[in-house]
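Please open the model in your viewer and keep the selection box handy. We will walk through it stop by stop, picking something new each time.

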Amino acid sequence: QIHSTSLRGRCPAGQRGVTLARLTRIVLALLLLAGLALAGHGAYIKAKAALSQILLARAFEQRLAGDINAKPWPWADFTIAGRIEAPRIAQSAIVIAGASGQAMAFGPGHMLNTPDPGEEGTAVIAAHRDTHFAWLKDVAVGDTIRLTNPDGKLLEFTVTGTRIAKWNDSGINAHAYGKHMDLITCWPFDSKFHGDLRYIVETDLKASGPRPL
């Protein structure tokens, strides 16, 4: 009873209402700020991805023109593996050698433990579903996927299938017979959370030759 009286004396009904109202406003404000911060972070990531591709594309064109030391920015410590294109849906991206999280912030990454595109086996290129490989969901069986390597060689692949698999059970064989290229991103495309599922676009080499001038 003493405690009850004491609490009533410290916090009358009217003050309790004010305190709860203020607390509610504070919580709502914090939630709003958190949402804005997350939205801002997402916008920053996408802006960084887009700007990086502009600089990478410029460096890649310089490389094709003969400047073997071309870099997208002075401190870049990676190499460009090529340019990937999906002509039917008018999408393209500059691919970086290596598929680390840091590298994939700038562009799709060619997994270095897989063959180069056009070589025997299965080359694997991975990218994020909300930036550089957001367009994979629009790729259809029968589509042509082009890969231009730094030496100017143009490789044309045909999409043979799409599937979903767990990240640790992809079924991809880097040493498979034939010349293949698999494109990988997280799945589902509209999810905001990390998961263990991957969306895989499978392609087979159709033709190769010099890049058209």
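Start by selecting residues 121-126, which form strand S4, together with residues 179-186, which form strand S7. In this predicted model, S4 and S7 run parallel to each other and are paired over six bridges. To find your place along the pair, pick Gly121: Lys179 in S7 stands opposite Gly121. Strands of a sheet can pair in a parallel or an antiparallel sense, through backbone hydrogen bonds.

**The barrel**

Now colour the whole chain by secondary structure. You should find two helices and eight strands, in the sequence pattern α-α-β-β-β-β-β-β-β-β. In what order do the eight strands close into a barrel? Go round and you meet S1-S2-S3-S4-S7-S8-S6-S5, with mixed pairing. Of the contacts in the chain with a separation of 6 or more, 60% are between residues 24 or more positions apart.

**The nonpolar cores**

Next, show the side chains of Ile84, Leu136, Ile145, Met181 and Leu183. In the largest nonpolar core, which has 22 residues, these five touch the most other members. Strands S1, S2, S4, S5, S6, S7 and S8 each give two or more residues to this core, and S6 gives the most, with three. In soluble globular proteins, nonpolar side chains tend to be buried together.

Stay with Leu136 for a moment. Beyond its close sequence neighbours, Leu136 is in contact with Leu183, Ile184, Thr185, Phe189, Tyr199 and Val201. Another core, of 12 residues, lies apart from the largest one; select Leu56, Ala76, Ile80 and Ala103, which are among its members.

**A buried threonine**

Move on to Thr148, in strand S5. Is Thr148 buried or exposed? Its relative accessibility is 1%, so Thr148 counts as buried, the cut-off being under 20%. Setting aside residues up to four places away in sequence, Thr148 touches Phe60, Ala81, Gly82, Arg83, Glu85, Lys153, Leu154 and Arg211.

**The salt bridges**

Arg83, one of those residues touched by Thr148, leads to the next stop. A search of the whole structure finds six salt bridges, and one of them joins Arg83 to Glu61, with the closest N and O atoms 2.7 Å apart. Glu61 sits in helix H2 (residues 13-64) and Arg83 in strand S1, so you are looking at a link between parts of the chain 22 residues apart. Glu61 is partly exposed, at 36% relative accessibility, whereas Arg83 is buried, at 15%.

Then select Asp143 and Arg88, another salt bridge, whose closest N and O atoms are 2.7 Å apart. Asp143 belongs to the loop between S4 and S5 and Arg88 to the loop between S1 and S2, so their pairing ties together parts 55 residues apart in sequence. Asp143 is buried, with a relative accessibility of 10%, while Arg88 is exposed, at 51%.

For the last pair, show Glu156 and Arg146, whose side chains meet in a salt bridge at 3.3 Å, N to O. Because Glu156 is in strand S6 and Arg146 in strand S5, this pair ties together parts 10 residues apart in sequence. Arg146 is partly exposed, at 30% relative accessibility. Add Lys206 to the selection: salt bridges with shared partners join Arg146, Glu156 and Lys206 into one network.

**The surface**

Finally, switch on the surface. The accessible surface of the chain is about 12,900 Å², and 60% of that belongs to carbon and sulfur atoms. Of the 213 residues in the chain, 36% are buried.

Technical notes: Residues are numbered from 1 along each chain as its sequence is written. This is a predicted model: local features need pLDDT of at least 70, side-chain atom pairs count only at pLDDT 80 or more; totals for chains, interfaces and linings use all residues. Side-chain values use heavy atoms; hydrogens and water are left out. Helices (H or I, at least four residues) and strands (E, at least two) are DSSP runs, numbered from the N terminus. Buried means under 20% relative accessible area, exposed over 50%, partly exposed in between (1.4 Å probe, protein chains only). Contact means heavy atoms within 4.5 Å. Accessible areas come from the Shrake-Rupley method with a 1.4 Å probe; for residues, only the protein chains shown count as cover. Two strands pair if DSSP finds at least two bridges between them. A nonpolar core is a set of buried Ala, Val, Leu, Ile, Met, Phe, Trp, Tyr and Cys residues joined through side-chain atoms within 4.5 Å. A salt bridge is a side-chain nitrogen of Lys or Arg within 4 Å of a carboxyl oxygen of Asp or Glu.
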